Amino acid sequence: MEPIISTAGKAWPPWPELMPGHRPVLVAPADPTRPTPSTEGWRGPEDHNPQPEEDHPEKDHPEENRPEENRPEEGWSEEGWSALFDGRHLTVRRPCGTPWYDGPLTATREWTRAARTHHTLLIVTGHFTTAFDFPPAAATGQLLTLTIPIRLTDSR
């Protein structure tokens, strides 16, 4: 009989999560077959360098004083990436067109609705291979993120 949880030296497959605000997330443990080059839009903690406290002009008027390139936009996603989900199978393609992930995804109805509503998918990966490794990786700033467009299709 196989154990219910087995890592046997390889990473767990990606799994779906929902962020507050019902934003769909794909948590993808590190895997050498899934590269994360910064040139393709992957962001880590070093990409979010806050200015010293006294240098925050946006404190009084947050949006009007924030540089244009630092303003988050609703529905923003990294150029060239795409995701297609049919209710059972997820394909995430890199800007060059090659699959970054192409496999099954056991998503809840709520997650699927969230993806349909927001049309974007946040992918979180980093130095973890199981759900048990995720909290320490997050606590030590070893996560990378990427936001991409997602399209849903009917599997029937």
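Trainee: Why is Arg34 called buried?

Mentor: In this predicted model, Arg34 has a relative accessibility of 9%. Buried means under 20%, so Arg34 counts as buried.

Trainee: Where is Arg34 found, and what does Arg34 touch?

Mentor: Arg34 is in the loop between β2 and α1. Leaving aside residues up to four places away in sequence, Arg34 touches Trp12, Pro14, Ala28, Pro29, Trp100 and Tyr101.

Trainee: What makes the approach of Arg34 to the backbone oxygen of Pro29 a polar contact?

Mentor: The side chain of Arg34 reaches that oxygen of Pro29 at 2.6 Å. The cut-off for a polar contact is 3.5 Å, so the pair falls within 3.5 Å.

Trainee: How do you know that Asp31 and Arg34 meet in a salt bridge?

Mentor: Look at N to O: their side chains come to 3.6 Å. The limit is within 4 Å, so Asp31 and Arg34 make a salt bridge.

Trainee: Is Asp31 buried or partly exposed?

Mentor: Partly exposed, at 24% relative accessibility. Buried needs under 20% and exposed over 50%, so Asp31 lands in between.

Trainee: How many salt bridges are there by this rule?

Mentor: Two. Arg94 and Glu40 also meet through their side chains, at 2.6 Å from N to O. That pair links distant parts of the chain, 54 residues apart. Arg94 is in the loop between β4 (89-93) and β5 (99-104), while Glu40 is in the loop between β2 (23-29) and α1 (62-65). Both Arg94 and Glu40 are buried.

Technical notes: Residues are numbered from 1 along each chain as its sequence is written. This is a predicted model: local features need pLDDT of at least 70, side-chain atom pairs count only at pLDDT 80 or more; totals for chains, interfaces and linings use all residues. Side-chain values use heavy atoms; hydrogens and water are left out. Buried means under 20% relative accessible area, exposed over 50%, partly exposed in between (1.4 Å probe, protein chains only). Helices (H or I, at least four residues) and strands (E, at least two) are DSSP runs, numbered from the N terminus. A polar contact is a pair of N or O atoms within 3.5 Å; within protein, one must be able to donate a hydrogen and the other to accept it, and residues adjacent in sequence count only if both atoms are side-chain atoms. Contact means heavy atoms within 4.5 Å.
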